[in-house]
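The following exercises are to be worked with the sequence and the coordinates at hand. Each task is followed by a solution in steps.

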Amino acid sequence: MRRRPRARIVPRVIDIPGGLATIQAKVNGEAGRAFIAGLPALVEDFLGRWELRIDGPAMHGMTALVLPVVAADGSRAVLKLQLLDEESAGEPVALRLWNGDRAVRLLRYDEATGTMLLERLDPARMLAHVPDTHETVVVIARLLAHLTRLPAPPGLRRLGDIAGEMLEQVPWALERIPDPSQRRLVADCAAAVREVVGEPGDRLLHWDLHDENVLAAADRGNGPVSDGGNGLAVDWRAIDPKPLAGDPCFELWPALHNRYDPDDVLWRFDAMTEVLGLDRERARAWTLGRVLQNALWNVEDGEPQEADDLELARRLRDR
């Protein structure tokens, strides 16, 4: 009887989380599958090149693999590997400008692959773990007020261009939304954007600051994540920016949508506009612009409109 040849065992530095592989295949297709296939070798390369050793289990979000590591000097950090695209390409630019001030600090960056070495924050102390959503919204607003004070550097994606492209898509998208009330609401969102698209702003925006993208600094010990009042006892840091140049009014939607409560939308909106010092009408228009952006993505993907998003838009439109 002929024996089956023994399979060759190829050493692997890590096991790729199945969830990340699924997301990459869905979102990026063949490019995403190629990225996942190349990750073990890429990790091994950077562990050697930057003299790192893995110090814990792999983590991942929607698009990136994050590995806790220890450097040769004993300092703790995280290695972040992600597929380069128009969103992720701006991340090191913003992190360098923020320079660890209310945002995670960038330690090293490889331009060819988009690989980053970042300071180690405390993943066990995430803003999403704070039970009081009013507190978390104020924390996010304060972070945004600080981060968006800087002008955006040249070369970043620009809100004006994004908004113009969205408005061009609206007639096509409306024809593909079968429900009349939903179609009308999306059209109203587009109308609001048309009112402000001529003044898109020039601040450095994070774009995706929700309560899972805020972590506590690791050097604050293992104390409580909150002082029970306004979160000032914690050194909160923003992570995972998808930067663009634009109006800070475009930053509100993630915190309005976190742990969604339709009856809390207007309180959150008013609290954030007050902390950030925003004009409420402009903030309303650009937040409806975020709903429009999501609606267009849903149409492109052949998916139904999200009920929570539409209700959020109704609350702001009809206030």
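Helices (H or I, at least four residues) and strands (E, at least two) are DSSP runs, numbered from the N terminus. The model is predicted.

**Exercise 1. Locate Asn99 and Glu51, and describe their backbone and exposure.**

Step 1. Asn99 belongs to the loop that joins helix H2 (91–98) to strand E5 (106–110). Glu51 sits in the loop between helix H1 (18–49) and strand E1 (52–54).

Step 2. Most residues other than glycine have a negative phi. Asn99, although not a glycine, has a positive phi of about 55°. For Glu51, also a residue other than glycine, phi is positive and near 55°.

Step 3. Exposed means over 50% relative accessible area, buried under 20%, and partly exposed in between. Glu51 has 53% and is therefore exposed. Asn99 has 47%, so Asn99 is partly exposed.

**Exercise 2. Determine the strand order of the open sheet of three strands, and identify the strands at its edges.**

Step 1. The order is E7-E9-E10, and the pairing is antiparallel.

Step 2. Strand E7 (121–126) and strand E10 (236–238) each have a single partner strand, so they stand at the edges and one side of each has no neighbour in the sheet.

Step 3. Direction ignored, neighbouring strands of this sheet are turned by 55° against each other on average.

Step 4. Strand E9 (residues 214–217) pairs with E10 over three bridges in the antiparallel sense. The bridge partner of Val214 in E10 is Ala238.

**Exercise 3. Characterise the largest pocket and the second largest pocket.**

Step 1. The volume of the largest pocket is about 1900 Å³. Its lining comprises 50 residues, and Met62, Thr63, Asp208, Asp240 and Lys242 lie nearest the centre.

Step 2. By residue class, the lining of the largest pocket contains 20 nonpolar, 13 polar and 17 charged residues.

Step 3. The second largest pocket holds about 280 Å³ of space. It is lined by 13 residues, with Glu86, Ile162, Glu165, Gln293 and Trp297 closest to its centre.

Step 4. Helix H4 (159–174) and helix H8 (280–300) each supply at least two residues of the lining of the second largest pocket. H4 gives the most, namely five residues.

Step 5. In the second largest pocket, the lining divides into four nonpolar, two polar and seven charged residues.

**Exercise 4. State how many disulfides a search of the whole structure finds, and examine Cys189 and Cys249.**

Step 1. The search finds zero disulfides.

Step 2. A disulfide requires two cysteine sulfur atoms within 2.5 Å. The cysteine sulfur closest to that of Cys189 belongs to Cys249 and is 15 Å away, which is too far for a bond. Starting from Cys249, the closest cysteine sulfur is that of Cys189, again at 15 Å.

Step 3. Cys189 has 2% relative accessibility and therefore counts as buried. Cys249, at 2% relative accessibility, is buried as well.

**Exercise 5. Is Gly198 buried or exposed, and how far apart are Gly198 and Asp261 in space?**

Step 1. Gly198 is placed in the loop between helix H5 (180–196) and strand E8 (203–205).

Step 2. Its relative accessibility is 67%, so Gly198 counts as exposed.

Step 3. Gly198 and Asp261 are separated by 63 residues in sequence, and the C-alpha to C-alpha distance between them is 32 Å.

Methods
Residues numbered from 1 in each chain as written. Predicted model: local features only at pLDDT ≥ 70, side-chain atom pairs only at ≥ 80, totals over all residues. Heavy atoms only, no water. Pairing = 2+ DSSP bridges. Axes fitted to C-alpha atoms, helices over the stretch in contact; angles between N-to-C directions. 1 Å grid on protein atoms, 1.4 Å probe; cavity = no way out; pocket = protein on both sides within 12 Å on 5 of 7 lines; lining within 4 Å. Points joined across faces, edges and corners; volume = space filled by probe spheres on them. Nonpolar A, V, L, I, M, F, W, Y, C, P; charged D, E, K, R; others polar. Buried < 20%, exposed > 50% of the residue type's maximum accessible area, 1.4 Å probe, protein only.
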